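Here is a note for a colleague who is meeting this structure for the first time. Please keep the sequence and the model at hand while reading.

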Amino acid sequence: MKNEIIFRQMFEPETSTYTYLLADPETKEAVLIDTVLETVDRDMKLMSELGLKLKYILDTHIHADHITGSGELRKLTNAKSAVSQSANVDCVDIPLDNEQELQFGITKLQLLLLLGTPIAV
């Protein structure tokens, strides 16, 4: 039987922001989606408890409602940050293009850009 992907949905109430953790159960490689600066410690603690290694930090859009935690997470983990190339962000490691894939463990996320916003499928 194939191991199921690790999935956690977390919520930051002040900005009503959801952050998602995806991880491969065998390799322990992980992806965080839509992080919040104020919850970096929470996210790091959860990954530590689960024995995960952060590979990618994905922002689905430029956040007007909060400051992303991707910069701080990059410093703490050496993970690569990723956002749509249409966002014109200079400090990103991977500018994403439509249908681009990001692989962690045996799992691949394929990104679909809807009006310049990446959606992982």
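The points below deal with one helix and with the nonpolar cores.

1. The model is predicted, and local features need pLDDT of at least 70, side-chain atom pairs count only at pLDDT 80 or more, while totals for chains, interfaces and linings use all residues. Residues are numbered from 1 along each chain as its sequence is written, and side-chain values use heavy atoms, with hydrogens and water left out.

2. In helix α1, residues 40-50, the buried residues (under 20% relative accessible area, 1.4 Å probe, protein chains only) are Val 40, Asp 43, Leu 46 and Met 47. Viewed down the axis of α1, these buried residues fall within an arc of 130°, so they line one face of the helix. The arc is taken from the directions from the helix axis to the C-beta atoms.

3. The other side of α1 carries Asp 41, Lys 45, Ser 48 and Glu 49, which are exposed, that is, over 50% in relative accessible area. After α1 comes Gly 51, with a positive phi near 70°.

4. The largest nonpolar core (buried Ala, Val, Leu, Ile, Met, Phe, Trp, Tyr and Cys residues joined through side-chain atoms within 4.5 Å) has 14 residues, and Leu 21, Ala 30, Leu 32, Met 47, Leu 52, Leu 54 and Leu 73 touch the most other members. At least two residues of this core come from each of β1, β2, β3, α1 and β4, and α1 gives the most, with three residues.

5. Apart from this core lies another, of 12 residues, including Leu 22, Tyr 56, Leu 58 and Leu 96.

Notes
Helix = DSSP H or I, 4+ residues; strand = E, 2+ residues; numbered from the N terminus.
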